[in-house]
Amino acid sequence: MGEDSESPKINHSFLRDYVTEADVISTVEFNQTGDLLATGDKGGRVVIFQRETESKDESEELGESGEYNVYSTFQSHEPDFDYLKSLEIEEKINKIRWLPQQNAAHFLLSTNDKTIKLWKVSERDKRPEGYNLKDEEGRIKDISTVTSLRVPVLKPTDLMVEVRPRRIFANGHTYHVNSISVNSDGETYLSADDLRINMWHLDITDRSFNIVDIKPANMEDLTEVITAAEFHPQHCHLFVYSSSKGTLRLCDMRESALCDKHSKIFEEPEDPGNRSFFSEIISSVSDVKFSHSGRYLLTRDYLTVKVWDLNMEKGPVETYQVHEYLRSKLCSLYENDCIFDKFECVWNSTDSVIMTGAYNSFFRMFDRETGRGVTLESWRESSKPRAVLRTRRIYTGGRRRRGDVGVDSLDFTKKILHMAWHPAENIIAIAATNNLYIFQDRVNAENLKT
Amino acid sequence: MFSKGTKRKFSDGDEEISDESLVGARVASSYNLQRQSLLDMSLIKLQLCHMLVEPNLCRSVLIANTVRQIQEEMTHDGSWHMVTEAFCGPGQSPSERLVATEVLCRSREQDAEPKLFSVISYEGCREEEVVADETLCSVSVSDTVSNVCLAGRVGQCWEKSELSGVERDEEALEDSRLGSGEDEEIDTEDGASTESPKTTGQVFGTFEIKNGSPGPDSALEELFSDVDTSYYDLDTMLTGMQSAPKMGPYDLLDSLAPSHGSPSIVSTPTCRSDLNELDHIMEIIVGS
């Protein structure tokens with residue numbers, strides 16, 4: 001353990017890492033208005049942040065725009081055990097998706113590897129007082145002490161946020177669920193695991209429709225798995241799923257009940273010059289997102305992000321290099337398993353900027369209009385609240401500037417896998433292990449949250 | 001990116017081999033060594049992730065595809081080519097070698113037990129040496145023959161898997177995989193001298209399959225049949241987990257440790273009967 005009788009300090013670092021393992025954030029998602037931000041972690045907890053509404057007096061001033069504060073915390077999933085297969089089921093929250101708001105309450109779907117749950121988040125700021133049969137603490141009163149009758153009234157009370165599970169969609173998946181996506185019809189959603197995609201109705205928990213099944217009759221023939229899936233933002237009959245071979249398949253549910261046959265397949269032919277044993281692994285798509293317009297797809301593979309036009313299947317319309325300098329290090333990254341890291345990617349509200357994560361607490365933003373990319377860092381030590389995020393550079397040759405980071409000094413344990421962009425404003429939420437960073441583009445204002 | 005550079009070197013090495021230059025052989029075997037190391041690493045990863053409580057299917061599939069890709073390439077140009085030159089004796093004719101191979105292959109057919117795990121164990125030792133050098137490219141080429149033996153062994157075990165049929169008892173596969181790690185220490189005691197003709201046979205065994213089957217792809221599919229099934233079939237995995245529930249990934253590496261100091265040419269894993277295999281399984285379950 002590192003205890004040395006001669007040294008005064010005891011090495012507790014391993015203990016610290018162990019303790020916070022459950023706090024590692026595994027998903028981040030804004031709701032449709034951006035007022036709420038939900039994070040899920042490896043310990044099965046969900047934390048919801050709410051944006052403070054600006055007071056009317058300050059609406060003219062710049063700077064103190066709404067901060068995000070903790071609104072509610074709840075335990076979504078517990079560790080489970082599959083007795084039939086003698087396997088533990090991790091409680092890690094893989095994805096959270098908000099439902100469109102229909103009344104005062106908010107609904108979100110959260111999923112671990114096996115089970116999807118629908119949670120209702122509601123506020124309570126009044127409570128009834130003046131019961132006849134119960135006293136203030138809720139204890140049943142002795143009847144003989146009741147001498148008169150009164151009508152209970154609602155009295156204002158401190159705001160309470162209640163979170164209750166409303167639906168539990170269990171036993172739908174044999175393999176690990178990697179994606180959920182709410183349909184634009186507001187009634188159904190899909191859940192995808194490694195080999196199958198199911199469609200559920202939000203009100204029905206005891207059955208689901210299987211819409212994609214790529215499991216081969218012989219598991220020995222398995223060479224491709226599903227890595228992500230999403231419904232089209234406007235067309236309720238269209239969805240896309242990505243595979244470990246780097247293909248995207250657009251499926252139309254009107255064509256058939258089982259959408260094993262795709263309507264369109266998006267695939268980029270392999271570049272023979274860059275071929276290596278790792279070509280397939282780095283072509284595996286880790287995330288796919290429709291643009292807000294519904295016209296484009298954004299995909300992330302190990303070294304690049306690509307924008308695809310739904311009308312053009314033969315290749316992406318834009319390709320951005322996230323960390324091309326890692327191409328010569330693929331062997332080491334294969335050895336330490338970093339090559340299997342699944343990075344997410346996001347669009348901004350106007351589909352003009354795309355963002356994705358990288359290593360060393362860096363994340364990248366690309367402006368689609370200019371084609372230029374920028375590297376930013378989300379690391380507590382190097383940024384103070386309200387400080388401007390400065391751009392970083394990786395040194396890959398040529399003249400080295402001060403502040404450049406060498407490729408060999410990159411910390412591959414600090415990976416930015418999960419992130420979200422506010423649906424309307426330039427506010428981004430970045431998850432860096434167990435820290436959540438929220439950056440706002442409001443006249444150099446920056447928010448730091450953990 | 002090592003494969004791009006070394007591919008060019010390999011073609012140079014080809015010409016030099018025909019001139020019977022040792023330098024060319026070394027260069028080519030350097031690429032082979034790197035490729036072999038990658039194969040070793042991949043097999044170790046597959047084995048380890050198979051033993052984890054929750055194997056990540058995507059990762060397993062990607063690694064298995066990489067292994068398949070390497071094996072295809074080795075079958076097509078790498079390993080058997082090297083072996084031809086390495087074992088080319090002045091008096092031996094090619095047909096003689098092949099005949100001897102058939103005999104050797106047949107004798108192995110009788111053994112129902114797959115050798116995949118033993119192969120992995122052995123290669124795991126080698127892989128540890130490789131890892132210590134931090135990059136594959138910096139591993140020194142020790143012995144051409146030893147590299148070839150490695151390639152041969154891998155081919156041999158796939159060959160065995162195919163010859164023994166796809167419909168094997170998957171429990172046996174699981175248990176042997178988990179159990180025969182302990183075989184390694186016993187196997188190293190075998191004399192190295194007796195192993196050379198066997199290794200030749202192993203490699204040519206691979207070559208044999210390639211020619212005999214309708215197409216290399218189907219042969220490879222079958223070769224992989226037993227490798228993959230157990231990884232993806234959860235029922236099979238359950239069986240495997242039940243036989244050795246206590247053995248974790250680090251136990252595997254520990255069991256490899258004694259063989260780490262073995263000479264580079266390690267003996268062929270001896271074929272064990274089902275009875276011995278059952279004994280080993282019982283040992284693991286009992287925890288002795």
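In the predicted model, strand β13 of chain A, spanning residues 196-201, is mostly covered, with five of its six residues buried. Strand β12 (residues 188-192) of chain A runs antiparallel to β13(A) and is joined to it by five bridges. Within this pairing, T188(A) lies opposite H201(A) of β13(A). The connection between β12(A) and β13(A) is a hairpin of three residues.

β13(A) is also paired with strand β14 (residues 209-213) of chain A, through four bridges and again in antiparallel orientation. Here R196(A) has D213(A), in β14(A), as its bridge partner. β13(A) thus has bridges to β12(A) and to β14(A). In general, the strands of a sheet pair through backbone hydrogen bonds, in either a parallel or an antiparallel manner.

A further group of strands in chain A forms an open sheet of four, arranged in the order β7-β8-β9-β10 with antiparallel pairing. The edge positions are taken by β7 (95-98) and β10 (153-169) of chain A; each has a single partner strand, so one side of each is left without a neighbour in the sheet. From one strand to the next, the twist averages 25 degrees.

Within this sheet, strand β9 (residues 116-129) of chain A is connected to the edge strand β10(A) by 13 bridges, the two running antiparallel. One of the facing pairs places V121(A) opposite V163(A) of β10(A). In a regular strand, side chains alternate between the two faces of the sheet.

How values were computed: Residues numbered from 1 in each chain as written. Chains lettered and ligands numbered in written order. Predicted model: local features only at pLDDT ≥ 70, side-chain atom pairs only at ≥ 80, totals over all residues. Heavy atoms only, no water. Pairing = 2+ DSSP bridges. Axes fitted to C-alpha atoms, helices over the stretch in contact; angles between N-to-C directions. Buried < 20%, exposed > 50% of the residue type's maximum accessible area, 1.4 Å probe, protein only.
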